[in-house]
Amino acid sequence: MATINTNAGAMVALQSLNQTNRDLETVQARINTGLAVGSAKDNGGVYAIAQSMRADVRGYSAVAQSLDLSASTVDVALAGGEAISDILVEMKEKALAASDTSLDQSSRDALNEDFKALRDQIGKIVETAEFNGTNLVNGSMSQISALANASGTSTLTIAGEDLSLGGAIVTVSATSSFASAGDASTLVGTIESSLDNLNASLARLGTGSKSLGVHKAFVGKLSDALEKGIGNLVDADLAKESANLQSLQVKQQLGVQALSIANSAPATILGYFR
């Protein structure tokens with residue numbers, strides 16, 4: 001039936017053109033953002049999973065920062081401990097030289113002055129070996145903890161080592177000195193004991209530093225894997241979208257032509273009245 005009131009062909013052509021325009025907008029959005037799933041309306045389930053994974057990636061960024069902070073603190077403590085070890089070696093040399101009974105008193109006194117200067121330097125190192133206000137070698141901190149996972153439920157703990165003079169590790173007291181060969185000989189034994197204790201302490205700190213480094217490397221790999229997983233879920237295949245764009249642009253042009261043809265159809269009715 002020929003009619004000018006209802007143009008069914010134009011309706012169909014318009015619906016098809018509108019759908020093509022919507023598809024074209026979707027493809028253009030994917031090309032502009034690089035994302036196939038850019039919001040919850042694109043795919044609610046995939047978007048929720050991706051957001052959860054993004055939260056984990058941000059969490060692991062905080063974990064890496066925490067590990068870096070702890071590692072720096074431990075490294076400063078190690079540097080301080082190694083410096084103290086070097087000083088103890090020098091102190092042993094001075095005390096051993098002073099234990100020689102054939103040495104004259106003036107020479108022994110000179111060695112004692114050197115010995116006391118080295119002893120005092122240990123105290124200065126202990127007090128200044130801190131990072132970001134944290135000192136692991138002066139007895140003020142029993143331990144430090146670094147985040148180990150993105151939820152904050154797991155930590156890596158590194159024990160502090162009190163390297164203060166007269167402590168359980170460095171048993172040389174803050175007033176140690178020698179006035180005779182016998183005093184110097186006694187101090188040699190004390191220093192050797194302190195060195196043994198300090199070596200064990202440095203080994204523990206070194207193990208802690210290594211564990212922090214190993215865990216940071218693992219966290220980096222885990223974060224990279226999550227990033228890759230997010231990309232697999234939401235990234236657009238731009239080669240495919242480029243092909244879709246070309247197809248939809250042609251389809252859009254054909255839709256416009258089809259709508260134009262459908263709109264001109266009622267004009268043929270005029271031929272019936274000539």
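Visitor: What makes Ile-84, Leu-88 and Met-91 stand out in the largest nonpolar core?

Guide: In this predicted model, those three touch the most other members of a core that counts 49 residues. Helix H2 (44-98), helix H3 (105-128), strand S3 (143-147) and helix H4 (181-234) each give two or more residues to this core, and H2 gives the most, with 17.

Visitor: Which residues is Leu-88 in contact with, leaving aside neighbours within four places in sequence?

Guide: Leu-88 reaches Ile-122, Val-172, Ile-191, Ser-194, Leu-195 and Leu-198. Contact here needs heavy atoms within 4.5 Å, so each of those six names passes that cut-off against Leu-88.

Visitor: And what is in the second core?

Guide: That one is separate and has 5 residues, including Ala-10, Ala-13, Leu-17 and Ala-262. As a general habit, nonpolar side chains in soluble globular proteins tend to be buried together.

Visitor: How do you know that Ile-261 is exposed?

Guide: Its relative accessible area is 59%, and exposed means over 50%, so Ile-261 qualifies. Ile-261 sits in helix H5 (residues 238-264). Its C-alpha atom is 8.9 Å from that of Gly-9, although the two residues are 252 apart along the chain.

Visitor: What makes the phi of Asn-132 worth a look?

Guide: Phi is near 55° there, a positive value in a residue other than glycine. Asn-132 belongs to the loop between strand S1 (130-131) and strand S2 (134-135).

Visitor: Why is Asn-132 called exposed?

Guide: Its relative accessible area comes to 61%; the cut-off is over 50%, so the label fits.

Visitor: Which S3 side chains are buried?

Guide: Ile-144 and Ala-146, which point to one face. Gln-143, Ser-145 and Leu-147 point to the other face and are not buried.

Visitor: Why are S3 and S4 called a pair?

Guide: Pairing takes at least two bridges, and S3 has 5 with strand S4 (residues 155-159), so the two count as paired, in the antiparallel sense. Within that pairing, Ser-145 stands opposite Thr-157 in S4.

Visitor: What lines the largest pocket?

Guide: Its volume is about 200 Å³. Among the lining residues are Glu-25, Arg-30, Lys-41 and Asp-42, along with Thr-26, Thr-33, Gly-38 and Ser-39. Ala-29, Leu-35 and Ala-36 also belong to the lining.

Visitor: How does that lining divide by residue type?

Guide: The split is 3 nonpolar, 4 polar and 4 charged. Gly counts as polar, so Gly-38 goes into the polar group.

How values were computed:
Residues numbered from 1 in each chain as written. Predicted model: local features only at pLDDT ≥ 70, side-chain atom pairs only at ≥ 80, totals over all residues. Heavy atoms only, no water. Core = buried A, V, L, I, M, F, W, Y, C linked by side-chain atoms within 4.5 Å. Buried < 20%, exposed > 50% of the residue type's maximum accessible area, 1.4 Å probe, protein only. Helix = DSSP H or I, 4+ residues; strand = E, 2+ residues; numbered from the N terminus. 1 Å grid on protein atoms, 1.4 Å probe; cavity = no way out; pocket = protein on both sides within 12 Å on 5 of 7 lines; lining within 4 Å. Points joined across faces, edges and corners; volume = space filled by probe spheres on them.
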